[in-house]
Amino acid sequence: MQIYWTKINRIIEETPEVKTYLLDCPEGFTWEEGSHTHFALEGFNAGDKPNRSLIRHMSISTLPNENSIGITTRIREKCSEFKMTLRSLGVGDEVAIFKTHSNVPLKREEKNVYLLSSGVGLATFRPLVLEYFNSAQHVNLMHSLNIDSSKDFLFTTIFESAPDKKFTSQFVDNRKDYYEEVKNLAADKEGLFYVVGSDEFLLQNIEVLREQGIKPEQIMLDKREQQLPDFLSFDLPIKAR
């Protein structure tokens, strides 16, 4: 396993609670849209065993042509040791990245693509939208739906409806509106539905989509292949008539 040590070159305050850390691109480091990486802070490998409290599994919120590795995360006032340490870092400080992989690259199958996310999960989809803008080949259209109860919506200059590009974007701040809209989107029985958020959020979305007749193979999750059955292999309950 190769560990890439790199430096923070810029910190962007996206909202009062969300920051993007832009990292220098180490030589030989590559990634694609929809990638995640292990993001670690100094000292994580100082002992005999890795200090897992200094490691997090994070999405990369940029594309390679942006020349920086973007890590976007929410840091609340009360937070974990990892977030507290990260909050104290500044430009020029070193961090490590390793085990980079993409579970949700943009599929180009002549279908409509729907991006369903919660809060900062939108960071996973930012590169997919940019990749779609770079080339919409074999994608009919793209629609993003994000729920964030803080109402501090992210990346609004990118997640802005652009009819000429066949891209639409919606932000909602409550679950009722969100899941009603998911049901409306699921009227497209051939669409591809990407879902990013907490495990609970994934399971709730999957239940709604399956109830609307969406098949498991149409649902894309930011999970390793061996984890997918835990989310997608279940029988729908038989509803009483």
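User: What makes a residue count as buried or exposed here?
Analyst: Buried means under 20% relative accessible area, exposed means over 50%, and partly exposed is whatever falls in between, using a 1.4 Å probe and protein chains only. This is a predicted model, where local features need pLDDT of at least 70, side-chain atom pairs count only at pLDDT 80 or more, and totals for chains, interfaces and linings use all residues. Residues are numbered from 1 along each chain as its sequence is written, and side-chain values use heavy atoms, with hydrogens and water left out.

User: Why is Asn67 called buried or exposed?
Analyst: Asn67 has a relative accessible area of 58%, and exposed starts over 50%, so Asn67 is exposed. Asn67 sits in the loop between strand 4 (55-59) and strand 5 (69-74). Its phi is near 65°, a positive value in a residue other than glycine.

User: And Phe155, why is that one called buried or exposed?
Analyst: Phe155 comes out at 11% relative accessible area, and the buried class is under 20%, so Phe155 is buried. Phe155 also has a positive phi, near 50°, and isn't a glycine. You'll find Phe155 in the loop between strand 8 (139-147) and strand 9 (167-172).

User: How many helices and strands are there, and what makes a run count as one?
Analyst: The protein has 5 helices and 11 strands. They're DSSP runs numbered from the N terminus: H or I over at least four residues for helices, E over at least two for strands.

User: Why are helix 3 and helix 4 called parallel, perpendicular or oblique?
Analyst: Their axes, lines fitted to C-alpha atoms over the stretch in contact, with angles from 0 to 180 degrees between N-to-C directions, cross at roughly 45° and come within 9 Å. Angles under 35 degrees are roughly parallel, over 145 roughly antiparallel, 65 to 115 roughly perpendicular, and the rest oblique. Helix 3 (residues 175-185) and helix 4 (residues 199-211) are therefore oblique to each other.

User: Which residues make that contact?
Analyst: With contact meaning heavy atoms within 4.5 Å, helix 3 brings Arg175, Tyr178, Tyr179, Val182 and Lys183, while helix 4 brings Glu200, Phe201, Gln204, Asn205, Val208 and Leu209.

User: How do you know how the radius of gyration of the protein sits against a compact globule?
Analyst: The rule is 2.2 Å times the number of residues to the power 0.38, with the radius taken over C-alpha atoms. For 241 residues a compact globule would be near 18 Å; the protein has 18 Å, so the two agree. The C-alpha trace spans about 60 × 40 × 35 Å along its principal axes, and 46% of the 241 residues count as buried.
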